[in-house]
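Please find below a colleague's note on the salt bridges and pockets of this structure, set out as numbered points for someone who is meeting the structure here.

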Amino acid sequence: MDTKEQAVGEKRVQVHLIDTLVRLGLVKPSGMTVAQFEMMQEELRGKLAYMTELNLQALAEQVGNLAGGKNRDRFPIAAKILKWAADIQAPADDASPLFRAVFGGELGRAAMAEDFGPELLMHLRRNRVWPREFDVRQIRERASDARRRIAKIEEVERRGGSLSNDDQVFRAGRARAAEKCKSIVRLVAEGAQ
């Protein structure tokens, strides 16, 4: 997302989420200063700029129904709103700081070198948290299984056999995920320059 798209997206968040919630009567969370509340709103505008108008409206409805405070008239904290937003419309993989950090770091380099990037990407999409050691072991095991399955698929092809639709879809999906990983790595490298 370039600077112009970001600015347009932030305006969309202001109009379709924040202004809507204020019109509904939601006020700053108790225990938060006005300055902190303004910073929270700025954070929401920046992080949710990728969302469509319709999905922001859906998020506003959900936030309004799950408002905090004793009288249900308080903005929930940004972490909750961001979680709900990701459930409604997940950010693009290459827009996520988490994805960029993982693929730009040691784990991402290992994933690319050892061919478990697609499974790491799938884990990040599903969980949206930094993988723990246990998670990485499971990711590597899934990648090993996937590579074995692809080897079997290629063996069937070499022998002139026909592939099932499931096998074709699986191989194509893993290839697309591998390309996505490479594109995230390229974006990280470009950002570091």
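**Notes on pockets and salt bridges**

1. Helices α2, α4 (78–88), α5 (97–104) and α7 each supply at least two residues of the lining of the largest pocket, where helices (H or I, at least four residues) are DSSP runs numbered from the N terminus. The model is a predicted one, in which local features need pLDDT of at least 70 and side-chain atom pairs count only at pLDDT 80 or more, while totals for chains, interfaces and linings use all residues. Residues are numbered from 1 along each chain as its sequence is written, and side-chain values use heavy atoms, with hydrogens and water left out.

2. The largest pocket has a volume of about 850 Å³ and is lined by 27 residues, of which Y50, P91, S96, P97 and R128 lie nearest its centre. A pocket here is an open set of points on a 1 Å grid over the protein atoms alone, where a 1.4 Å probe fits, with protein on both sides within 12 Å along at least five of seven lines, and lining residues have an atom within 4 Å of a point. Grid points are joined across faces, edges and corners, and a volume is the space filled by probe spheres set on the points.

3. With four residues, α4 gives the most to the lining of the largest pocket. That lining divides into 15 nonpolar, four polar and eight charged residues, with Ala, Val, Leu, Ile, Met, Phe, Trp, Tyr, Cys and Pro counted as nonpolar, Asp, Glu, Lys and Arg as charged, and the others, Gly among them, as polar.

4. The second largest pocket holds about 160 Å³ of space, and the residues that line it include P118, E119, M122, F170 and R174. The elements that give two or more residues to this lining are α7 and α9, and α7 gives the most, with five residues. By character, the lining of the second largest pocket divides into six nonpolar residues, one polar and three charged.

5. How many salt bridges does a search of the whole structure find? The search finds 14, a salt bridge being a side-chain nitrogen of Lys or Arg within 4 Å of a carboxyl oxygen of Asp or Glu.

6. The side chains of D115 and R174 meet in one such salt bridge, at 3.4 Å from N to O. This pair links distant parts of the chain, with D115 in the loop between α6 (106–114) and α7 (117–127), R174 in helix α9 (residues 165–192), and their positions 59 residues apart. D115 is partly exposed at 30% relative accessible area, whereas R174 counts as buried at 10%; buried means under 20%, exposed over 50%, and partly exposed in between (1.4 Å probe, protein chains only). D115 and R174 are also linked with E119 in a network of salt bridges, and both E119 and R174 appear in the lining of the second largest pocket.

7. E157 forms a salt bridge with R171, with the closest N and O atoms 2.7 Å apart. Because E157 lies in helix α8 (residues 133–158) and R171 in helix α9, the pair ties together parts that are 14 residues apart in sequence. E157 counts as partly exposed at 37% relative accessibility, and R171 counts as partly exposed at 24%.

8. E43 and K47 meet through their side chains in a salt bridge of 2.9 Å, N to O. Both residues lie in helix α2 (residues 34–47), four residues apart, which is about one turn of the helix.
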